[in-house]
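Hi,

Here is the structure I promised to pass on. Have a look at it first, and my notes follow underneath.

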Amino acid sequence: QLQLVESGGGSVQPGGSLRLSCAASGFTFKSYAIGWFRQAPGKEREGASCTSSAGGSTVYADSVKGRFTASRDNAVNTVYLEMNSLKPEDTAVYYCAANKFSACLGSRPLLTSNFGSWGQGTQVTISS
């Protein structure tokens, strides 16, 4: 069955870096856009990025633009999120999700309703 498994989370100091991975199986990975989301305690889940099926286009939330880079390798069914210049407010559980389409569509491409399948999440903690 469809499965998305995140890894790479951990604890780092402010200004540090982490690289998250999301391994996919059970569906035609190369046909779907993939997003990264995060959810902090007591807050709603918010979109961080959406990468098109071929990896040629990525949309970022303003809160991570310039610091986070999403990429994907369709040969190994994996999507990545490189996170740099991390801040305490980046602390959250990070999820990857499969979009319902091949592109990140619409005026609000990071809406959770655009995504149909989710991983279990990986914790990222930024603290000194």
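What is the strand order in the open sheet of 4 strands? It runs S1-S3-S8-S7, and the pairing is antiparallel. Keep in mind that this is a predicted model. S1 (3–7) and S7 (68–73) sit at the edges with a single partner strand each, so one side of each has no neighbour in the sheet. On average, neighbouring strands here are turned by 15° against each other, ignoring direction.

On the S7 side, the antiparallel pairing with S8 (residues 78–83) extends over 6 bridges. Aspartate 73 is found opposite threonine 78 in S8.

Now the charged side chains. I get 5 salt bridges in the structure, and arginine 38 is the one to click on. Its side chain meets that of glutamate 46 at 2.6 Å, N to O, and that of aspartate 90 at 2.8 Å, N to O. Aspartate 90 is in the loop between S8 and S9 (92–99), while arginine 38 belongs to S4 (residues 34–39), so this pair links parts that lie 52 residues apart in sequence.

Buried or exposed, where does aspartate 90 fall? With 1% relative accessibility, aspartate 90 is buried. Arginine 38 is buried as well, at 6% relative accessible area, whereas glutamate 46 is partly exposed at 34%.

Another salt bridge joins aspartate 62 and lysine 65 (3.2 Å, N to O); here aspartate 62 is exposed, with a relative accessible area of 67%. Through shared partners, salt bridges also connect Arg38, Glu46, Arg67 and Asp90 into one network.

Cheers

Notes: Residues are numbered from 1 along each chain as its sequence is written. This is a predicted model: local features need pLDDT of at least 70, side-chain atom pairs count only at pLDDT 80 or more; totals for chains, interfaces and linings use all residues. Side-chain values use heavy atoms; hydrogens and water are left out. Two strands pair if DSSP finds at least two bridges between them. Helices (H or I, at least four residues) and strands (E, at least two) are DSSP runs, numbered from the N terminus. Axes are lines fitted to C-alpha atoms, for helices over the stretch in contact, and angles run from 0 to 180 degrees between N-to-C directions. A salt bridge is a side-chain nitrogen of Lys or Arg within 4 Å of a carboxyl oxygen of Asp or Glu. Buried means under 20% relative accessible area, exposed over 50%, partly exposed in between (1.4 Å probe, protein chains only).
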